[in-house]
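User: I'm new to reading structures, and the vocabulary is throwing me. Can we go through one together, with me asking where the words come from?

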Amino acid sequence: MSQNRYGLIIGTNYQGNKANIPELGLCERDASYLKGKIESVGNFKEIPILLGRQVTKDNIQREIKNLARKAKKDDTVFLYFSGHGTTQKDSRAPNGMRNFLVCFDRPHLSDEELNRMLEDIQSPKTLFVFDCCY
């Protein structure tokens with residue numbers, strides 16, 4: 001059986017957001033560059049990209065669900081996020097702190113929510129690269 005490779009690339013500079021999130025300069029460029037590189041040499045079947053205003057909790061969840069439907073246990077899954085990360089005190093978190101991927105506008109995506117989303121991906125060959133703080 002041949003294996004397939006699937007990806008999801010996410011990057012936002014937060015330009016024009018209404019949540020007073022500090023803008024960044026290179027996240028969208030980094031995401032686009034990475035997508036181009038892995039498309040040219042990585043033999044990926046599909047690599048959707050979310051940029052700028054598209055980086056919302058709902059869109060990320062939708063794309064991860066799409067990956068989970070397509071990727072089988074022998075496939076490879078690569079995810080990449082470039083943007084802000086942050087933390088917040090949370091007594092329910094294992095270390096008392098909750099990590100978040102900062103979306104273009106609120107609500108942001110917690111580590112707990114992200115882990116639940118990723119549980120549906122069957123492949124043990126799943127890599128998520130975070131180009132952000134925390």
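User: What makes aspartate 90 and arginine 92 a salt bridge?

Analyst: First, some ground rules: this is a predicted model, where local features need pLDDT of at least 70, side-chain atom pairs count only at pLDDT 80 or more, and totals for chains, interfaces and linings use all residues. Residues are numbered from 1 along each chain as its sequence is written, and side-chain values use heavy atoms, leaving out hydrogens and water. Now the rule: a salt bridge is a side-chain nitrogen of Lys or Arg within 4 Å of a carboxyl oxygen of Asp or Glu. For aspartate 90 and arginine 92, the closest N and O atoms are 3.4 Å apart, so the pair passes.

User: Which of those two is buried and which is exposed?

Analyst: Buried means under 20% relative accessible area, exposed means over 50%, and partly exposed is in between (1.4 Å probe, protein chains only). Aspartate 90 has 14%, so it is buried. Arginine 92 has 62%, so it is exposed.

User: Why is glutamate 112 called partly exposed?

Analyst: Its relative accessibility is 30%, so glutamate 112 sits between the two cut-offs. Glutamate 112 also makes a salt bridge with arginine 92, at 3.9 Å from N to O. That pair links distant parts of the chain: glutamate 112 is in helix α3 and arginine 92 in the loop between β4 and β5, 20 residues apart. (Helices, H or I of at least four residues, and strands, E of at least two, are DSSP runs numbered from the N terminus.) Through shared partners, salt bridges join Asp90, Arg92, Arg98, Asp111 and Glu112 into one network.

User: How do you know that arginine 98 and aspartate 111 make a polar contact?

Analyst: A polar contact is a pair of N or O atoms within 3.5 Å; within protein, one must be able to donate a hydrogen and the other to accept it, and residues adjacent in sequence count only if both atoms are side-chain atoms. The side chains of arginine 98 and aspartate 111 are joined at 2.9 Å, so the distance fits. Arginine 98 lies in strand β5 and is buried, at 7%.

User: What makes β5 and β6 a pair of strands?

Analyst: Two strands pair if DSSP finds at least two bridges between them. Two bridges join β5 (residues 97–101) to β6, so the pair qualifies, and the strands run antiparallel. In one place, phenylalanine 100 has serine 110 in β6 as its bridge partner. The open sheet has the order β4-β5-β6. β4 (85–89) and β6 (109–110) are the edges, each with a single partner strand, so one side of each has no neighbour in the sheet.

User: Why is the salt bridge of glutamate 113 and lysine 57 said to tie parts together?

Analyst: Glutamate 113 is in helix α3 and lysine 57 in helix α2, so the pair ties together parts 56 residues apart in sequence. Their N to O distance is 2.5 Å, and both residues are buried. The whole structure has nine salt bridges.

User: What makes a set of residues a nonpolar core?

Analyst: A nonpolar core is a set of buried Ala, Val, Leu, Ile, Met, Phe, Trp, Tyr and Cys residues joined through side-chain atoms within 4.5 Å. The largest one here has 25 residues, and Ile60, Ile64 and Leu79 have the most contacts inside it. Its largest share, four residues, comes from α2. Another core, of six residues, lies apart from it and includes Ile9 and Tyr80.
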